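I am opening a notebook on a structure I have not looked at before. The entries below follow the order in which I looked things up.

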Amino acid sequence: MTERTAPTDPDRTVLLRGGEVHSPADPFATAMVVERGHIAWVGSEGAADAFADGADEIVDLDGALVTPAFTDAHVHTTATGLALTGLDLSAATGLADALERIRAHAAARPADRILLGHGWDAARWPERRAPRRDELDEAAGGRPLYLTRIDVHSAVVTTALLDRVPGVRALTGFRDGEPLTGDAHHAVRAAAHAAVTPAQRDEAQRAALRHAASLGIGSVHECGGPDISSEDDFTGLLRLAAAEPGPRVVGYWAERVKSAADAERVRALGAAGAAGDLFVDGSLGSHTACLHAPYADAPHTGTSHLDAAAIAEHVAACTEAGLQAGFHAIGDAALTAVVDGVRAAADQVGLARVRAARHRVEHAEMLDAPTVAAFADLGLTASVQPVFDALWGGEHGMYADRLGAERARTLNPYAALLRAGVPLALGSDSPVTPLGPWAAVRAAAFHQVPEHRVSVRAAFTAHTRGGWRATGRDDAGVLVPGAPADYALWRTEELVVQAPDDRVARWSTDPRSGTPGLPDLTPGRPLPVCLGTVVGGRTVYTGPQG
């Protein structure tokens, strides 16, 4: 039997048969032809015989499910790779466990100029506090150490690292004894990342892209910017992705655009847009998301980085230059600023032009009905991360701690966004949450607030076709003739149709509905296992064949 992940040569004509092909072209398809890097045909087993003689290769799927490859619409690739290859504290069970992991990592990396780690989340520890600097100094043996919180919007560091950043104690966001935020965090992050050698960076980027491919991800949207990474990191990743087989990388550079010259500079970096993590605010976990009313557990409303006037200027300049714009916005006050700013830009350059540009908003968590309606009216894409709700939602989760139960229940209203016609693109914000597209689809379909749930099919579409649409492409992310041959093969259990409304589910499973099934993602059921990933007709991952 030919390995199920073929083809390896994008110029070959390959017939895949004997499986389940998830395609709107034929809801009962079992076979597919790939030719010159594109889907050439999708259909039934009987009709596949007509293509056998003209195929360079025939692949027996042996019952495997074939789907479009996933697009992760929000990734920090180098940071993901560093978390995969370095110190990851996301599984730490408490403060003592975290400190022990730091000691072990420091002992294992004696040559590193600066120790890097990620993923601590004191909200889930019994101590409910971040490590103190003296505890970190002891655990790291007095060496420079940089540890980002799971949301990457704050960090704890050792004294040795602070001493490498002159003037950091006078910057906004430095409060002795507390995690660093704002300008202080950005300054220390720049010093930490400057210690990463080009070889370490390349190793991290390759590790992240390999891992993405092993999970059926065919494209990632890299969210870089001057406050997040560096131009060398960003352009190096784009070059690596273009030169080596692997997931496609669409780059977004988060830098304000005020003129045509600014837009051209962003384009010259290879960016698809001046978007991604262009911060309007911070995060809920770090108390830096910008709110209309104070936090439930802190006497302030967070941090604002851009007001409506600055947002309008950026959107207008990008629209005039034909460049996609976008922002990071989480809190309700930040999202109000975004819609006010985008509407002001539309008044200046024309609503039709703003809609056509498909500007996007990352995270978009604290949405009320008027803001959802504004997103729809302005043609904004919501680039969202459903695993945030799985990790931090619920009556006793971090969101409820920060906002109180009533406000927390309003977060991440995916069903309302879809009902309003707002395009969704799903992602992970890795390394904030791990790469894992089926887990994201499950989290959207089984949101902890039932009225925010969407069907598995809708979430799956947002994680495949939705990611392509967010970049302006309507011809990809789906297995139909003419689409790019970006697909993944899966070992899974019986295919079903899952929807929040039982009446919809019953009709959708009726053969007359013509609705193609997907894996059963009920919590507790095993997630599909990736058997292979193909991008542009070229195999980029081959998994277990048993």
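I begin with a term: I call a residue buried when its relative accessible area is under 20%. I also note that the model is a predicted one.

**Entry 1: strand E9.** I looked up strand E9, residues 115-120, and found six of its six residues buried, so by the cut-off of under 20% the strand is mostly covered. I then checked its pairing with strand E8, residues 87-88, and found two bridges in the parallel sense. I noted one bridge by name: Asp88 has His118 of E9 as its partner.

**Entry 2: the whole protein.** I counted secondary structure next and got 21 helices and 23 strands. For overall size, I noted that the C-alpha trace spans about 75 × 55 × 50 Å along its principal axes. How does the radius of gyration stand against that of a compact globule? For 546 residues a compact globule would have a value near 24 Å, and the protein has 23 Å, which agrees.

I looked up burial for the full set and found that 57% of the 546 residues are buried. The exposed surface comes to about 20800 Å², and carbon and sulfur atoms supply 51% of it. For contacts between residues at least 6 apart in sequence, I recorded that 72% join residues at least 24 apart. On charge, I have 49 positive and 68 negative side chains, with the centres of the two sets 1 Å apart.

**Entry 3: helix H18.** I wanted to know how many of the nine residues of helix H18, residues 437-445, are buried. Eight of the nine are, so the helix is largely enclosed by the rest of the structure. I wrote down the buried ones: Pro437, Trp438, Ala440, Val441, Arg442, Ala443, Ala444 and Ala445.

**Entry 4: the five-stranded sheet.** I traced an open sheet in the order E2-E6-E19-E22-E23, and its pairing is mixed. Strand E2 (20-21) and E23 stand at the edges with a single partner strand each, so one side of each is left without a neighbour in the sheet. As a reminder to myself, strands of a sheet pair through backbone hydrogen bonds, either parallel or antiparallel.

I went on to the E22 and E23 end. Strand E22, residues 529-535, and strand E23, residues 538-542, run antiparallel and are joined by four bridges. Opposite Gly532 I found Thr542 of E23, and opposite Thr533 I found Tyr541 of E23. The hairpin of these two strands has two residues between them, and Gly536 there takes a positive phi near 60°.

**Entry 5: Thr30.** I placed Thr30 in the loop between E2 and strand E3 (31-35). Is Thr30 buried or exposed? Its relative accessibility is 18%, so Thr30 counts as buried. Setting aside neighbours within four places in sequence, I listed what Thr30 is in contact with: Leu16, Arg17, Gly18, Gly19, Val21, Gly43, Ser44, Glu45 and Leu61.

**Entry 6: Pro166.** I found Pro166 in the loop between helix H5 (159-162) and helix H6 (182-194). Pro166 has a relative accessible area of 76% and is therefore exposed. I also looked up its separation from Ser214: the two are 48 residues apart in sequence, and 42 Å apart in space from C-alpha to C-alpha.

Definitions and conventions: Residues numbered from 1 in each chain as written. Predicted model: local features only at pLDDT ≥ 70, side-chain atom pairs only at ≥ 80, totals over all residues. Heavy atoms only, no water. Buried < 20%, exposed > 50% of the residue type's maximum accessible area, 1.4 Å probe, protein only. Rg over C-alpha atoms; globule rule 2.2 N^0.38 Å. Contact = heavy atoms within 4.5 Å. Areas by Shrake-Rupley, 256 points an atom, 1.4 Å probe, with all protein chains shown as cover. Lys, Arg positive; Asp, Glu negative; His and termini not counted. Charge placed at Lys NZ, Arg CZ, Asp CG, Glu CD. Pairing = 2+ DSSP bridges.
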